[in-house]
Amino acid sequence: MKYAFFGAGKMAFAIIQGMLRAKVCAASDIIASCPEPELLENLRDATSVNVVTSNAEAASSASVVVLCVKPNDVGTALGEAGSGLEGKLLISIVAGQKIGSLKSLAPGARVIRAMPNTAAMVGRAATAYSCDDTVTSDDEAVAESVFSSIGEVYAVEEKQLNAVTGLSGSGPAYVYLMIEALSDGGVACGLPRKLALDLAVQTVIGAAEMICATSEHPAVLREMVTSPAGTTMAGLRELEACGVRSAFTEAVCAASNRAGELSGE
Ligand SMILES: NC(=O)c1ccc[n+]([C@@H]2O[C@H](COP(=O)([O-])OP(=O)(O)OC[C@H]3O[C@@H](n4cnc5c(N)ncnc54)[C@H](OP(=O)(O)O)[C@@H]3O)[C@@H](O)[C@H]2O)c1
(Lines give C-alpha, C1' and ligand atoms only; values in the text may rest on other atoms or scores of the structure.)
Protein backbone atom coordinates (compact mmCIF):
# COMPACT_ATOMS: atom_id res chain seq x y z
CA MET A 1 0.00 0.00 0.00
CA LYS A 2 1.25 3.51 -0.86
CA TYR A 3 0.78 6.50 1.45
CA ALA A 4 0.89 10.22 0.59
CA PHE A 5 1.39 12.80 3.32
CA PHE A 6 0.18 16.36 2.67
CA GLY A 7 2.40 18.43 4.99
CA ALA A 8 5.90 17.69 6.20
CA GLY A 9 5.77 19.37 9.61
CA LYS A 10 6.05 18.03 13.14
CA MET A 11 3.10 15.62 13.04
CA ALA A 12 3.80 14.24 9.55
CA PHE A 13 7.39 13.63 10.61
CA ALA A 14 6.32 11.87 13.83
CA ILE A 15 3.75 9.65 12.10
CA ILE A 16 6.12 8.72 9.26
CA GLN A 17 8.85 7.85 11.76
CA GLY A 18 6.37 5.74 13.75
CA MET A 19 5.18 3.90 10.64
CA LEU A 20 8.75 3.10 9.59
CA ARG A 21 9.73 2.05 13.11
CA ALA A 22 6.70 -0.28 13.30
CA LYS A 23 7.31 -1.51 9.73
CA VAL A 24 3.79 -0.53 8.64
CA CYS A 25 5.40 -0.04 5.22
CA ALA A 26 8.77 0.66 3.61
CA ALA A 27 10.11 4.21 3.18
CA SER A 28 9.69 3.77 -0.58
CA ASP A 29 5.91 3.34 -0.03
CA ILE A 30 5.61 6.87 1.41
CA ILE A 31 5.60 10.16 -0.48
CA ALA A 32 5.31 13.51 1.31
CA SER A 33 4.45 16.87 -0.17
CA CYS A 34 4.53 20.48 1.06
CA PRO A 35 5.39 23.86 -0.44
CA GLU A 36 8.71 24.20 1.43
CA PRO A 37 11.59 22.25 -0.25
CA GLU A 38 13.83 22.61 2.82
CA LEU A 39 11.33 20.83 5.07
CA LEU A 40 11.01 18.07 2.48
CA GLU A 41 14.78 17.64 2.24
CA ASN A 42 15.04 17.34 6.03
CA LEU A 43 12.29 14.73 6.03
CA ARG A 44 13.89 12.77 3.19
CA ASP A 45 17.34 12.90 4.84
CA ALA A 46 15.91 11.62 8.13
CA THR A 47 13.57 8.92 6.80
CA SER A 48 14.43 8.17 3.11
CA VAL A 49 10.80 8.68 2.06
CA ASN A 50 10.00 10.19 -1.35
CA VAL A 51 9.23 13.89 -1.44
CA VAL A 52 7.60 16.28 -3.95
CA THR A 53 6.29 19.83 -3.79
CA SER A 54 3.03 18.94 -5.59
CA ASN A 55 0.11 17.47 -3.64
CA ALA A 56 -1.46 16.27 -6.90
CA GLU A 57 1.68 14.31 -7.75
CA ALA A 58 1.88 12.84 -4.24
CA ALA A 59 -1.78 11.78 -4.31
CA SER A 60 -1.54 10.24 -7.77
CA SER A 61 0.82 7.50 -6.58
CA ALA A 62 -0.99 6.65 -3.31
CA SER A 63 -4.18 4.94 -2.20
CA VAL A 64 -4.09 6.55 1.26
CA VAL A 65 -3.61 10.29 1.83
CA VAL A 66 -2.74 11.52 5.33
CA LEU A 67 -3.62 15.20 5.75
CA CYS A 68 -1.16 16.88 8.15
CA VAL A 69 -1.46 20.59 7.34
CA LYS A 70 -2.61 23.42 9.62
CA PRO A 71 -6.39 24.05 9.66
CA ASN A 72 -6.05 27.22 7.54
CA ASP A 73 -4.24 25.31 4.77
CA VAL A 74 -6.77 22.49 4.36
CA GLY A 75 -8.76 24.09 1.52
CA THR A 76 -5.61 24.90 -0.47
CA ALA A 77 -3.97 21.50 0.12
CA LEU A 78 -7.04 19.49 -0.88
CA GLY A 79 -7.82 21.89 -3.74
CA GLU A 80 -4.33 21.34 -5.14
CA ALA A 81 -4.96 17.59 -5.23
CA GLY A 82 -8.14 18.20 -7.24
CA SER A 83 -9.91 15.04 -8.37
CA GLY A 84 -6.80 13.02 -7.39
CA LEU A 85 -8.45 12.09 -4.09
CA GLU A 86 -11.46 10.39 -5.63
CA GLY A 87 -11.85 6.79 -4.49
CA LYS A 88 -8.99 7.15 -1.97
CA LEU A 89 -8.86 6.94 1.79
CA LEU A 90 -8.26 10.40 3.28
CA ILE A 91 -7.04 10.34 6.89
CA SER A 92 -7.07 13.82 8.44
CA ILE A 93 -5.40 14.79 11.71
CA VAL A 94 -6.42 18.45 11.32
CA ALA A 95 -7.95 19.87 14.50
CA GLY A 96 -11.51 21.12 14.16
CA GLN A 97 -12.04 20.04 10.54
CA LYS A 98 -15.21 17.96 10.45
CA ILE A 99 -15.78 14.91 8.27
CA GLY A 100 -18.59 16.69 6.35
CA SER A 101 -16.35 19.60 5.47
CA LEU A 102 -13.46 17.30 4.46
CA LYS A 103 -15.83 15.34 2.21
CA SER A 104 -17.03 18.51 0.51
CA LEU A 105 -13.41 19.57 -0.12
CA ALA A 106 -12.42 16.07 -1.30
CA PRO A 107 -15.44 14.67 -3.14
CA GLY A 108 -15.34 10.91 -3.65
CA ALA A 109 -12.79 10.30 -0.87
CA ARG A 110 -13.55 8.02 2.07
CA VAL A 111 -12.69 10.05 5.17
CA ILE A 112 -11.29 9.18 8.59
CA ARG A 113 -10.88 12.08 11.01
CA ALA A 114 -8.35 11.52 13.78
CA MET A 115 -7.05 13.44 16.78
CA PRO A 116 -3.58 12.32 17.89
CA ASN A 117 -1.49 14.31 20.37
CA THR A 118 2.00 15.68 20.60
CA ALA A 119 3.35 12.51 22.28
CA ALA A 120 3.31 11.05 18.75
CA MET A 121 6.84 12.45 18.62
CA VAL A 122 7.98 9.87 21.18
CA GLY A 123 5.67 7.05 20.03
CA ARG A 124 3.32 7.49 23.03
CA ALA A 125 0.35 9.30 21.50
CA ALA A 126 -3.29 8.79 22.43
CA THR A 127 -5.24 8.94 19.15
CA ALA A 128 -9.00 8.78 18.70
CA TYR A 129 -10.57 8.55 15.26
CA SER A 130 -13.95 8.55 13.62
CA CYS A 131 -15.04 7.29 10.18
CA ASP A 132 -17.53 8.50 7.60
CA ASP A 133 -20.11 5.91 6.59
CA THR A 134 -18.34 5.00 3.34
CA VAL A 135 -15.19 3.86 5.15
CA THR A 136 -14.59 0.10 4.90
CA SER A 137 -13.25 -2.23 7.58
CA ASP A 138 -10.03 -2.47 5.55
CA ASP A 139 -9.74 1.34 5.65
CA GLU A 140 -10.26 1.27 9.40
CA ALA A 141 -7.53 -1.36 9.72
CA VAL A 142 -5.20 0.96 7.78
CA ALA A 143 -5.91 3.84 10.18
CA GLU A 144 -5.41 1.52 13.17
CA SER A 145 -2.02 0.43 11.82
CA VAL A 146 -0.92 4.02 11.12
CA PHE A 147 -1.92 5.36 14.54
CA SER A 148 -0.90 2.33 16.59
CA SER A 149 2.61 2.94 15.24
CA ILE A 150 2.69 6.17 17.31
CA GLY A 151 0.84 5.00 20.44
CA GLU A 152 -2.63 3.86 21.51
CA VAL A 153 -5.70 4.14 19.24
CA TYR A 154 -9.40 4.41 20.04
CA ALA A 155 -12.43 4.44 17.68
CA VAL A 156 -15.06 7.03 18.68
CA GLU A 157 -18.11 8.75 17.23
CA GLU A 158 -17.37 12.07 15.56
CA LYS A 159 -19.48 13.95 18.13
CA GLN A 160 -17.00 12.76 20.80
CA LEU A 161 -13.98 14.28 19.08
CA ASN A 162 -14.36 17.69 20.77
CA ALA A 163 -14.15 15.99 24.15
CA VAL A 164 -11.15 13.98 22.93
CA THR A 165 -9.50 17.24 21.87
CA GLY A 166 -10.18 18.73 25.31
CA LEU A 167 -8.78 15.68 27.11
CA SER A 168 -5.96 13.95 25.23
CA GLY A 169 -5.38 16.58 22.50
CA SER A 170 -4.76 19.45 24.91
CA GLY A 171 -3.93 17.19 27.87
CA PRO A 172 -0.14 17.08 27.47
CA ALA A 173 -0.08 20.83 28.20
CA TYR A 174 -2.04 20.30 31.44
CA VAL A 175 0.42 17.63 32.50
CA TYR A 176 3.41 19.85 31.64
CA LEU A 177 1.90 22.52 33.88
CA MET A 178 1.31 19.98 36.64
CA ILE A 179 4.92 18.75 36.42
CA GLU A 180 6.19 22.33 36.51
CA ALA A 181 4.10 23.05 39.62
CA LEU A 182 5.19 19.85 41.40
CA SER A 183 8.79 20.64 40.64
CA ASP A 184 8.37 24.21 41.93
CA GLY A 185 7.01 22.68 45.14
CA GLY A 186 10.21 20.64 45.48
CA VAL A 187 12.31 23.77 44.95
CA ALA A 188 10.19 25.68 47.47
CA CYS A 189 11.00 22.94 49.99
CA GLY A 190 14.74 23.18 49.32
CA LEU A 191 15.51 20.72 46.50
CA PRO A 192 17.87 21.70 43.67
CA ARG A 193 15.86 22.60 40.53
CA LYS A 194 17.11 19.74 38.32
CA LEU A 195 16.53 17.11 40.99
CA ALA A 196 13.04 18.51 41.65
CA LEU A 197 12.15 18.34 37.95
CA ASP A 198 13.55 14.81 37.56
CA LEU A 199 11.57 13.62 40.59
CA ALA A 200 8.37 15.25 39.34
CA VAL A 201 8.71 13.71 35.85
CA GLN A 202 9.51 10.25 37.19
CA THR A 203 6.61 10.47 39.63
CA VAL A 204 4.13 11.21 36.81
CA ILE A 205 5.56 8.45 34.59
CA GLY A 206 5.53 6.00 37.50
CA ALA A 207 1.96 6.80 38.55
CA ALA A 208 0.70 6.44 34.95
CA GLU A 209 2.58 3.15 34.58
CA MET A 210 1.02 1.90 37.85
CA ILE A 211 -2.48 2.47 36.45
CA CYS A 212 -1.56 0.66 33.21
CA ALA A 213 0.16 -2.23 34.96
CA THR A 214 -2.49 -2.86 37.64
CA SER A 215 -5.64 -1.77 35.73
CA GLU A 216 -6.82 -0.35 39.05
CA HIS A 217 -8.92 2.81 39.19
CA PRO A 218 -6.72 5.79 40.19
CA ALA A 219 -8.86 6.34 43.29
CA VAL A 220 -7.96 2.81 44.51
CA LEU A 221 -4.25 3.41 43.96
CA ARG A 222 -4.51 6.79 45.67
CA GLU A 223 -6.16 5.25 48.74
CA MET A 224 -3.44 2.59 48.86
CA VAL A 225 -0.75 5.27 49.37
CA THR A 226 -2.71 7.50 51.75
CA SER A 227 -2.12 6.49 55.36
CA PRO A 228 -4.33 7.93 58.09
CA ALA A 229 -3.01 11.31 59.24
CA GLY A 230 0.04 10.85 57.00
CA THR A 231 1.99 13.10 54.66
CA THR A 232 0.05 12.20 51.48
CA MET A 233 -3.28 12.94 53.20
CA ALA A 234 -1.93 16.35 54.20
CA GLY A 235 -0.96 17.05 50.57
CA LEU A 236 -4.25 15.76 49.16
CA ARG A 237 -6.29 17.92 51.56
CA GLU A 238 -4.45 20.97 50.26
CA LEU A 239 -5.12 19.98 46.63
CA GLU A 240 -8.83 19.54 47.35
CA ALA A 241 -8.96 22.85 49.26
CA CYS A 242 -7.41 24.59 46.24
CA GLY A 243 -9.97 23.03 43.88
CA VAL A 244 -7.39 21.19 41.78
CA ARG A 245 -9.71 18.29 40.94
CA SER A 246 -12.42 20.59 39.59
CA ALA A 247 -9.81 22.78 37.86
CA PHE A 248 -8.69 19.78 35.74
CA THR A 249 -12.29 18.77 35.00
CA GLU A 250 -13.23 22.32 33.98
CA ALA A 251 -10.06 22.63 31.85
CA VAL A 252 -11.13 19.61 29.77
CA CYS A 253 -14.66 21.01 29.39
CA ALA A 254 -13.38 24.49 28.41
CA ALA A 255 -11.01 23.04 25.79
CA SER A 256 -13.74 20.76 24.49
CA ASN A 257 -16.15 23.71 24.15
CA ARG A 258 -13.45 25.74 22.40
CA ALA A 259 -12.85 22.84 19.97
CA GLY A 260 -16.58 22.94 19.18
CA GLU A 261 -16.43 26.69 18.54
CA LEU A 262 -13.39 26.31 16.27
CA SER A 263 -15.12 23.64 14.21
CA GLY A 264 -18.09 25.98 13.69
CA GLU A 265 -20.59 24.33 16.07
N1 LIG B 1 1.11 19.28 16.94
C2 LIG B 1 0.24 18.51 17.60
O3 LIG B 1 0.47 18.09 18.75
C4 LIG B 1 -1.05 18.10 16.95
C5 LIG B 1 -1.90 17.20 17.60
C6 LIG B 1 -3.09 16.80 16.96
C7 LIG B 1 -3.40 17.31 15.71
N8 LIG B 1 -2.55 18.21 15.12
C9 LIG B 1 -2.92 18.74 13.81
O10 LIG B 1 -1.90 18.35 12.90
C11 LIG B 1 -1.81 19.31 11.87
C12 LIG B 1 -0.34 19.58 11.57
O13 LIG B 1 0.26 20.10 12.75
P14 LIG B 1 1.84 20.24 12.85
O15 LIG B 1 2.12 20.55 14.27
O16 LIG B 1 2.52 19.10 12.17
O17 LIG B 1 2.03 21.58 11.94
P18 LIG B 1 3.33 22.07 11.17
O19 LIG B 1 4.56 21.56 11.81
O20 LIG B 1 3.17 23.56 10.99
O21 LIG B 1 3.21 21.38 9.74
C22 LIG B 1 2.28 21.78 8.76
C23 LIG B 1 2.84 21.35 7.40
O24 LIG B 1 1.87 21.64 6.38
C25 LIG B 1 2.58 22.18 5.27
N26 LIG B 1 1.69 22.87 4.34
C27 LIG B 1 1.21 24.15 4.36
N28 LIG B 1 0.41 24.36 3.26
C29 LIG B 1 0.40 23.19 2.56
C30 LIG B 1 -0.21 22.78 1.34
N31 LIG B 1 -1.00 23.60 0.63
N32 LIG B 1 0.02 21.51 0.91
C33 LIG B 1 0.79 20.66 1.60
N34 LIG B 1 1.42 21.01 2.76
C35 LIG B 1 1.21 22.25 3.23
C36 LIG B 1 3.59 23.08 5.94
O37 LIG B 1 4.57 23.48 5.01
P38 LIG B 1 5.17 25.01 5.12
O39 LIG B 1 5.98 25.03 6.36
O40 LIG B 1 5.92 25.12 3.86
O41 LIG B 1 3.98 25.94 5.18
C42 LIG B 1 4.11 22.11 7.00
O43 LIG B 1 4.99 21.18 6.42
C44 LIG B 1 -2.61 20.54 12.29
O45 LIG B 1 -3.80 20.63 11.55
C46 LIG B 1 -2.96 20.26 13.74
O47 LIG B 1 -4.27 20.71 14.05
C48 LIG B 1 -1.39 18.60 15.69
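Q: Okay, starting small: which residue in β3 is the bridge partner of A32?
A: V51 is the bridge partner of A32. The strands involved, β2 (residues 30–33) and β3, pair in the parallel sense over 3 bridges. Strands pair here if DSSP finds at least two bridges between them.

Q: And what kind of model is this?
A: This is a predicted model, where local features need pLDDT of at least 70 and side-chain atom pairs count only at pLDDT 80 or more, while totals for chains, interfaces and linings use all residues. Residues are numbered from 1 along each chain as its sequence is written.

Q: How many helices and strands does the chain have?
A: There are 12 helices and 8 strands in the chain. Both are DSSP runs numbered from the N terminus: helices are H or I with at least four residues, strands are E with at least two.

Q: Back to the strands, then. In what order do they sit in the sheet?
A: The order is β3-β2-β1-β4-β5-β6-β7-β8, an open sheet of 8 strands with mixed pairing. At the edges you'll find β3 (50–52) and β8 (151–155), each pairing on one side only. On average, neighbouring strands are turned by 25° against each other, direction ignored. Angles run from 0 to 180 degrees between N-to-C directions, with axes as lines fitted to C-alpha atoms, for helices over the stretch in contact.

Q: Which strands does α1 lie across?
A: α1 lies across β1 (3–6), β2 and β4 (64–67), and runs at about 175° to β2. Contact means that the C-beta atoms of two residues, placed from the backbone, lie within 7 Å.

Q: What about α6, how does that helix run against β6?
A: Helix α6 (residues 137–148) runs at about 30° to β6 (110–115). The strands α6 lies across also include β5 (89–92) and β7 (125–131).

Q: New topic: the ligand. Which residues come nearest?
A: G7, G9, M11, E36 and A95 come nearest, out of 29 residues around the ligand. A residue is near if its C-beta atom, placed from the backbone, lies within 6 Å. The elements giving two or more residues to that shell are α1 (10–21) and α4 (74–81).

Q: Zooming out, how is the chain divided?
A: Domain 1 covers 3–158 and domain 2 covers 169–262. Those bounds come from an automatic or database domain assignment. Taken over C-alpha atoms, the domain centres are separated by 33 Å. Where they touch, 6 residues of domain 1 are in contact with 5 residues of domain 2.

Q: Why is helix α7 called largely enclosed?
A: Because 8 of the 9 residues of α7 (residues 161–169) are buried, the helix is largely enclosed by the rest of the structure. Buried means 20 or more other C-beta atoms within 10 Å of a residue's own, exposed means 12 or fewer, and partly exposed is in between, with C-beta atoms placed from the backbone. The buried residues of α7 include L161, V164 and L167. They pack against β6, β7, α8 (171–188) and α12 (244–262).

Q: Last one: what's odd about K23?
A: K23 has a positive phi of about 55°, although it isn't a glycine. K23 sits in the loop between α1 and β2, and counts as exposed because it has 9 C-beta neighbours inside 10 Å. S48 also has a positive phi, about 70°, without being a glycine. The loop that holds S48 is between α2 (37–47) and β3.

Q: Is S48 buried or exposed?
A: Exposed, because S48 has 12 C-beta neighbours inside 10 Å.
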